[in-house]
Amino acid sequence: MFISIICQKGGVGKTTLSVNISDIIAKKGKKTLLIDLDPQGNSTTYLYNKKKNSSFDTLTLLEEKEPINLEEITEVRENLFLIPANQKIKRLINEKLFAGSVLYKRKRNNEFSPFENIVIDTPPAMNSLVHESINVSDYYLIPTRAEYLSVEGVGQAIEYVKRIVSNNRNINPIFLGVVLNSVDKRRVSYKTFYSELRFILGDKLFETTISQLTEIADAPFYGKTAYEYNPNGNAYKELTLLVEEIDKRIEGYS
Ligand SMILES: Nc1ncnc2c1ncn2[C@@H]1O[C@H](COP(=O)(O)OP(=O)(O)OP(=O)(O)O)[C@@H](O)[C@H]1O
Ligand SMILES: [Mg+2]
């Protein structure tokens, strides 16, 4: 099962959620693959132990036609595998034939079958990398910050995916919903904000929200996931609830 985390707006929590959702799913004993499709490579820096050098990265993933050799994919945590970013994929962005090509074929050829879950971290853009990620996704979710200007980006992201889907009858990614990230419930405007958003999005707004927490901002500095940084902390608690809600939503669709 492929899940993409998308939003063309930068800094809304795509990488934070990609890394921690993958980590939490992997901890449940499910073989999980995180693909860092963002040339910025934030998920890669976050999780990667340079001693374990991987020759298989996103450039190989998107360009080479040879089937994936699983032995070349690095296990960065128990049950958690990473296809690290390669900045050079930037040049693929403008190649016309790129969208819907190699990654889609790899999925069709069952090359990812050893993995129960594949999570894709995407760049803050509406380009062929995100397009490719939507093409292979069974599900996608959109994080946003709890601010009016960020929420504008949500509508644009939803429209963008709709356009991709309407141009390709072979794909049908399911929208899991919008996750409010970096929430400060003490702010007086928060309640109004949440209920207005609930009115617009209905059940496409996740009930679980992720608070603005220094442990979430600090953990990447130490290359630690929320669990590794503080297994008793609120960050891990909330992110675990988020994964439970994702599971529940997926169950509802299958
Ligand atoms: N809930 C949170 N509490 C505190 N800090 C957060 C929270 N979520 C994200 N951050 C911090 O905000 C910054 C942006 O988050 P992140 O990198 O996950 O966003 P992104 O959407 O992946 O950004 P980009 O669009 O550049 O890829 C990071 O420094 C991250 O640690
Ligand atoms: Mg990111």
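This report describes the overall form, the sheet, two unusual loop residues and the ligand shell of one protein chain.

The structure is a predicted model, in which local features need pLDDT of at least 70, side-chain atom pairs count only at pLDDT 80 or more, and totals for chains, interfaces and linings use all residues. Residues are numbered from 1 along each chain as its sequence is written, while chains are lettered from A and ligands numbered from 1 in the order in which they are written.

## Overall form

The protein chain has 10 helices and 7 strands, where helices (H or I, at least four residues) and strands (E, at least two) are DSSP runs numbered from the N terminus. A compact globule of 254 residues would have a radius of gyration near 18 Å, and the protein chain, with 17 Å, agrees with this; the radius is taken over C-alpha atoms, and the globule rule is 2.2 Å times the number of residues to the power 0.38. The C-alpha trace spans about 55 × 40 × 35 Å along its principal axes. Of the 254 residues, 40% count as buried, a term that requires 20 or more other C-beta atoms within 10 Å of the residue's own (exposed means 12 or fewer, partly exposed in between, with C-beta atoms placed from the backbone). Among contacts with a separation of 6 or more, 78% join residues 24 or more positions apart, a contact being two C-beta atoms, placed from the backbone, within 7 Å.

## The sheet

Strands of a sheet pair through backbone hydrogen bonds, either parallel or antiparallel. Here 7 strands form an open sheet with mixed pairing, in the order β3-β4-β2-β5-β1-β6-β7, and two strands are said to pair if DSSP finds at least two bridges between them. Because β3 (74-77) and β7 (174-181) stand at the edges with a single partner strand each, one side of each is left without a neighbour in the sheet. Three of the pairings are set out below.

| Strands | Sense | Bridges | Opposite residues |
|---|---|---|---|
| β1 (residues 2-5) and β5 (residues 117-121) | parallel | 4 bridges | Phe2 and Ile118 |
| β1 and β6 (residues 139-145) | parallel | 3 bridges | Ser4 and Tyr140 |
| β3 and β4 (residues 80-83) | antiparallel | 3 bridges | Thr74 and Leu82 |

Strand β1 is covered on both faces, since Phe2 and Ser4 on one side and Ile3 and Ile5 on the other are all buried.

## Two residues with positive phi

The strands β3 and β4 form a hairpin with 2 residues between them, and Asn79 in the turn has a positive phi of about 70°. Asn79 counts as buried because 20 other C-beta atoms lie within 10 Å. Ser182, which is not a glycine either, has a positive phi of about 60° and is found in the loop between β7 and α7 (190-201). With 21 C-beta neighbours inside 10 Å, Ser182 is buried.

## Around ligand 1

The shell around ligand 1 holds 19 residues, and the closest are Gly10, Lys14, Thr15, Thr16 and Pro124; a residue belongs here if its C-beta atom, placed from the backbone, lies within 6 Å of the molecule. Both α1 (14-27) and α8 (214-218) supply at least two residues of this shell, and α1 gives the most, with 3 residues. By type, the shell divides into 7 nonpolar, 10 polar and 2 charged residues, where Ala, Val, Leu, Ile, Met, Phe, Trp, Tyr, Cys and Pro count as nonpolar, Asp, Glu, Lys and Arg as charged, and the others, Gly among them, as polar.
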